[in-house]
Amino acid sequence: MSSDNRFNLDGINAHKAKIDEAMLTQRTTRDRSTQKLIALTNLPWLIALVAWLLWKYL
């Protein structure tokens with residue numbers, strides 16, 4: 001970016017758009033990995049529930 005546009009409103013808006021796009025990309029990537037982590041966290045509870053149900057009713 002040239003130094004003329006650096007402090008110009010057009011330059012500021014262009015930088016803000018780049019930052020917003022980067023934040024959106026980061027947020028969607030983080031959401032996917034968070035969902036996988038939550039699924040792995042719930043897996044032991046599911047296994048324990050199934051084991052308890054088998055012990056209780058069999």
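**Overall exposure and fold**

Only a small share of this chain is covered: of its 58 residues, 2% count as buried. The model is a predicted one. About 5,700 Å² of the protein chain is exposed, and carbon and sulfur atoms supply 65% of that area.

The secondary structure of the protein chain consists of 2 helices and 0 strands. Helix 2 covers residues 9-57.

**The salt bridge**

Searching the whole structure turns up 1 salt bridge. It joins the side chains of lysine 16 and aspartate 20, with an N to O distance of 3.3 Å. Side chains of opposite charge can pair when their charged atoms come close.

Both residues belong to helix 2, and because they are 4 residues apart there, about one helical turn separates lysine 16 from aspartate 20. Aspartate 20 has a relative accessibility of 38%, so this residue counts as partly exposed; the partly exposed class lies between the buried limit of under 20% and the exposed limit of over 50%.

**The nonpolar surface patch**

A nonpolar patch on the surface is formed by Leu40, Leu43, Leu46, Ile47, Leu49, Val50, Trp52, Leu53, Leu54, Trp55, Tyr57 and Leu58. Together these residues have about 1,400 Å² of accessible area.

One of the patch members is Leu46, a residue found in helix 2. Leucine 46 has a relative accessible area of 48% and is therefore partly exposed. That value also passes the patch requirement of over 30% relative accessible area.

Notes: Residues numbered from 1 in each chain as written. Predicted model: local features only at pLDDT ≥ 70, side-chain atom pairs only at ≥ 80, totals over all residues. Heavy atoms only, no water. Salt bridge = Lys/Arg side-chain N within 4 Å of Asp/Glu carboxyl O. Buried < 20%, exposed > 50% of the residue type's maximum accessible area, 1.4 Å probe, protein only. Patch = residues over 30% accessible without salt bridge, like charges linked within 9 Å, V, L, I, M, F, W, Y side chains within 5 Å. Areas by Shrake-Rupley, 256 points an atom, 1.4 Å probe, with all protein chains shown as cover.
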